[in-house]
Amino acid sequence: MTVRRQIRVTGTVQGVGFRPFVYRHATRLGLAGWVQNDSAGVLIEVEGDEGAVLEVSRLLVDDPPPLARIGTITATPVPVEGDTTFAIVESESGGAPTAAVSVDTATCTACLAEIDDPIDRRYRYPFTNCTDCGPRYTIVRSVPYDRPGTTMARFTMCEACQAEYDDPLDRRFHAQPNACPECGPRLLWGHLEGDAALEAAIAALEVGGIVAVKGIGGFHLAVDAANEEAVGELRRRKARDDKPFAVMVRDLDEARTLCTLSDAATDALTSAGRPIVLAPRREDAPVASGVAPNLPELGLLLAYSPLHHLLLRGVGRPLVMTSGNVSDEPIAHEDADASERLAALVDGVLGHDRGIHIRCDDSVVRATSAGRTQVLRRSRGFAPQPLSMVTPASRPILAVGAELKSTVAVTVGDDVVASHHIGDLEHFATYRSFLQAIDHLCALYAVAPELVAHDLHPEYLSTKLAADLDLPSIGVQHHHAHVASCLTEHGRTGPVLALAFDGLGYGTDGTLWGGEFLVADLRRFERVGHLAPVTMPGGVAAILEPWRMGVAWAHRAGVDDSFVDSRRDAVHDLVARGHGPVTTSMGRLFDAVAALLGLRPRVTYEAQAAIELEALARSVPRAEAPTFPVEIGRNASGSLVIDPSPLIAELVAGRTRGVSTPVLAAAFHESIGRAAAAAGADLARDHGLQTVALTGGVFQNPRLSDIVEEAFTAAGLEVLVHRIVPPNDGGISIGQAAIAAATS
Ligand SMILES: [Zn+2]
Ligand SMILES: [Zn+2]
């Protein structure tokens with residue numbers, strides 16, 4: 001029987017080879033009709049034998065194109081029209097675009113084979129791509145996703161490229177960035193072009209030079225990762241003291257010479273998003289000590305663009321590939337800006353004339369011991385992949401995030417779409433980039449926000465911006481947003497008992513929270529417990545100088561801290577008089593302990609002390625770590641309070657007795673982790689909850705996460721941990737959007 005069906009597909013279905021996929025199968029099955037992109041996704045009509053028509057729907061569900069991420073598929077019967085052929089119809093403009101834009105994707109094996117083939121017309125061509133790979137989010141200016149709406153608009157395809165682009169059976173059918181040496185972008189190095197430019201950059205790297213390389217989402221600074229002197233020079237020029245650099249390798253074999261790779265790490269490294277993967281470094285890894293000082297892990301990533309492949313093969317060894325910026329400014333992505341800001345930093349710029357419309361840093365993923373991965377920075381290759389919300393928004397919402405590791409998010413239908421990683425808003429250049437990210441996201445999805453969600457911290461630039469927007473707004477407590485981001489990624493509404501442990505977030509009582517036990521769902525939360533409050537002497541100064549927190553905690557614990565710092569007396573007075581903001585931050589407790597163990601009185605990047613404390617603990621197996629007492633009590637208002645004073649006293653005493661620092665670091669993790677889980681299990685029981693959520697930047701600490709998760713699991717509780725949304729402030733915008741959607 002001849003039937004006709006209209007099929008509507010939503011999700012990430014444009015720019016991923018969806019129409020040729022439908023075309024190929026429809027013609028193979030002898031069906032007539034058409035397929036087209038429109039502002040809502042892909043619309044298909046197929047007509048013919050009933051079994052064949054049903055087969056098309058089955059293929060869409062079971063076996064869609066690799067890069068597609070299907071939201072919904074709905075099919076409705078329509079009258080038979082008597083079509084005899086199947087056609088791909090041009091995109092329809094107009095209407096509000098809701099079709100998701102695909103992520104930037106690593107070069108596929110078919111394209112790599114062409115680059116390697118001396119008789120292929122794309123031999124050694126650094127901008128080779130196809131429907132299955134290449135830049136997307138970073139080159140799109142507007143949707144529907146078509147070439148005129150990308151930074152490729154200025155390149156007119158040659159006959160051969162156009163023929164590929166027009167042929168529904170070709171791998172490059174409607175591949176918007178399609179290009180070849182004849183018609184596409186060129187590499188540039190000063191006055192040199194093409195292969196000559198590439199060779200010049202390789203020569204500079206071989207002699208230890210620092211080279212700016214224009215990639216997919218911005219410029220990297222590249223240097224020979226094994227060259228101690230060159231790496232040191234890069235640190236000096238970039239004004240970056242200790243924060244680790246990422247290392248790019250050619251392939252998995254080269255990665256294995258640097259790190260021990262679990263299956264999870266291997267999967268993450270080779271995934272199409274090609275993130276930086278944190279993995280344990282090998283003792284004999286041929287990298288300079290300055291690449292990741294004092295850390296047991298290296299951040300590795302595989303070459304992900306044709307240019308990277310050519311460059312790494314040319315140099316023949318791993319390269320440091322760090323963001324092209326000075327200190328904490330945003331990564332440079334525009335040519336003029338790059339030559340201006342990076343000129344003093346580098347010995348040469350390997351650029352090209354394909355524009356990057358939106359900057360996008362590399363994403364960062366950690367492979368955990370449990371064989372899972374956790375996204376720590378969700379950016380290139382991940383943004384703007386939508387997440388579905390459990391409670392969809394009734395009107396478009398803009399969520400402006402927090403302050404550090406900033407991201408923004410918008411709601412689009414039932415989804416929430418978070419931006420790439422923007423950075424720390426305290427820098428003016430980052431703030432500008434934050435405004436651009438909002439504009440880009442709103443333009444890409446044609447969203448005109450009707451509600452803005454923001455943090456409660458009155459001093460955050462994002463909060464101030466929200467107030468300036470002239471829109472109804474909703475303030476969302478920082479840790480509640482963390483919990484909501486975790487619930488959203490798990491498709492839950494709660495309530496759960498959540499441990500929200502992080503650096504700092506503004507509390508509803510005006511103090512700085514960060515060691516919180518919340519009973520929370522997407523609508524509301526109750527603070528049922530927290531870490532004991534201490535003074536943060538000197539306010540924000542205590543963040544860069546953990547020794548100050550050491551003094552504060554030593555004072556509370558009543559132990560001698562005279563060894564901590566020469567300025568200890570002045571700070572002790574501040575603490576004794578209660579002078580300074582009050583905080584219940586778990587991150588600051590980790591800082592304090594690192595300082596009291598003589599580890600890190602001052603830091604040069606966020607959470608450095610805590611990261612190094614965890615690194616030290618790693619050399620001690622968990623079974624050999626002593627546990628010291630932690631006091632769990634109730635305050636006047638009935639909240640549970642965790643007081644690690646006895647633990648602090650034991651650690652300081654242990655240090656005096658000469659117990660090794662790694663053992664004390666391991667003891668601290670074990671003791672605080674178990675105490676937190678014991679307290680959490682009690683609270684969950686009190687409130688009749690079966691599920692706990694672990695959220696906040698402190699849960700990037702793999703050892704602490706393991707301890708807490710294991711204890712909760714042993715207590716018979718279900719544990720939700722972050723996988724795809726960062727536990728740190730990079731996830732806040734998603735949580736804000738989810739709460740605003742559920743409450744408005
Ligand atoms: Zn390809
Ligand atoms: Zn061409």
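Helices (H or I, at least four residues) and strands (E, at least two) are DSSP runs, numbered from the N terminus. The exercises below use these elements.

The model is predicted: local features need pLDDT of at least 70, side-chain atom pairs count only at pLDDT 80 or more, and totals for chains, interfaces and linings use all residues. Residues are numbered from 1 along each chain as its sequence is written, chains are lettered from A and ligands numbered from 1 in the order in which they are written, and side-chain values use heavy atoms, with hydrogens and water left out.

**Exercise 1. The end of α12**

Task: State which residues of helix α12 are buried, and describe the residue with positive phi that follows the helix.

Solution.
Step 1. Buried means under 20% relative accessible area, exposed over 50%, and partly exposed in between (1.4 Å probe, protein chains only).
Step 2. In α12, which runs over residues 461-468, the buried residues are Ser 462, Thr 463, Leu 465 and Ala 466.
Step 3. Viewed down the axis, these fall within an arc of 160°, so they line one face of the helix. The arc is that of the directions from the helix axis to the C-beta atoms.
Step 4. Ala 467 and Asp 468 are exposed on the other side of α12.
Step 5. Contact means heavy atoms within 4.5 Å. The buried residues of α12 pack against α11 (428-444) and β21 (451-455).
Step 6. Asp 470 follows α12, and its phi is positive, near 65°.

**Exercise 2. The length and faces of α2**

Task: Compare the span of helix α2 with its expected value, then assign its buried residues to a side.

Solution.
Step 1. The expected span of a helix is 1.5 Å times one less than its number of residues.
Step 2. Helix α2 (residues 50-62) has 13 residues and should span 18 Å; its end C-alpha atoms are 18 Å apart, which agrees.
Step 3. Ala 52, Val 53, Val 56, Ser 57, Leu 59 and Leu 60 are the buried residues of α2. They cover an arc of only 160° around the axis, which puts them on the same side of α2.
Step 4. An α-helix has 3.6 residues a turn, so residues three or four places apart point the same way.
Step 5. Val 61 and Asp 62 are exposed on the other side of α2.
Step 6. The packing partners of the buried residues of α2 are β1 (2-12), α1 (18-28), β3 (41-49) and β4 (69-78).

**Exercise 3. Two zinc sites**

Task: Identify the protein donors of the zinc ions, ligand 1 and ligand 2, and classify the geometry of each site.

Solution.
Step 1. Donors are N, O and S atoms within 2.8 Å of the metal (3.2 Å for Na, K and Ca); water is not among the atoms, so sites may look incomplete.
Step 2. Four donors count as tetrahedral if all angles lie between 85 and 135 degrees; four count as square planar and six as octahedral if opposite donors are over 155 degrees apart and all others between 65 and 115; anything else is irregular.
Step 3. For ligand 1, the SG atoms of Cys 108, Cys 111, Cys 130 and Cys 133 lie 2.2 to 2.4 Å from the zinc ion. The angles among the four donor atoms are 103 to 117°, and the site is tetrahedral.
Step 4. The donor residues of ligand 1 are spaced C-x2-C-x18-C-x2-C in sequence. Cys 111 lies in helix α3 (residues 109-116) and Cys 130 in the loop between α3 and α4 (159-166), so the pair ties together parts that are 19 residues apart in sequence. Cys 111 and Cys 130 are buried.
Step 5. For ligand 2, the SG atoms of Cys 158, Cys 161, Cys 180 and Cys 183 lie 2.2 to 2.3 Å from the zinc ion. These donor atoms subtend angles of 105 to 115°, which makes the arrangement tetrahedral.
Step 6. The donor residues of ligand 2 are spaced C-x2-C-x18-C-x2-C in sequence. Cys 161 lies in helix α4 and Cys 180 in the loop between α4 and β6 (187-189), so the pair ties together parts that are 19 residues apart in sequence.

**Exercise 4. Backbone exceptions**

Task: Locate the cis peptide bonds before Pro 384 and Pro 495.

Solution.
Step 1. The bond from Ala 383 to Pro 384 is cis, with omega near 5°; Pro 384 is in the loop between β16 (373-377) and β17 (387-388).
Step 2. The bond from Gly 494 to Pro 495 is cis, with omega near 5°; Pro 495 is in the loop between α13 (478-489) and β23 (496-506).
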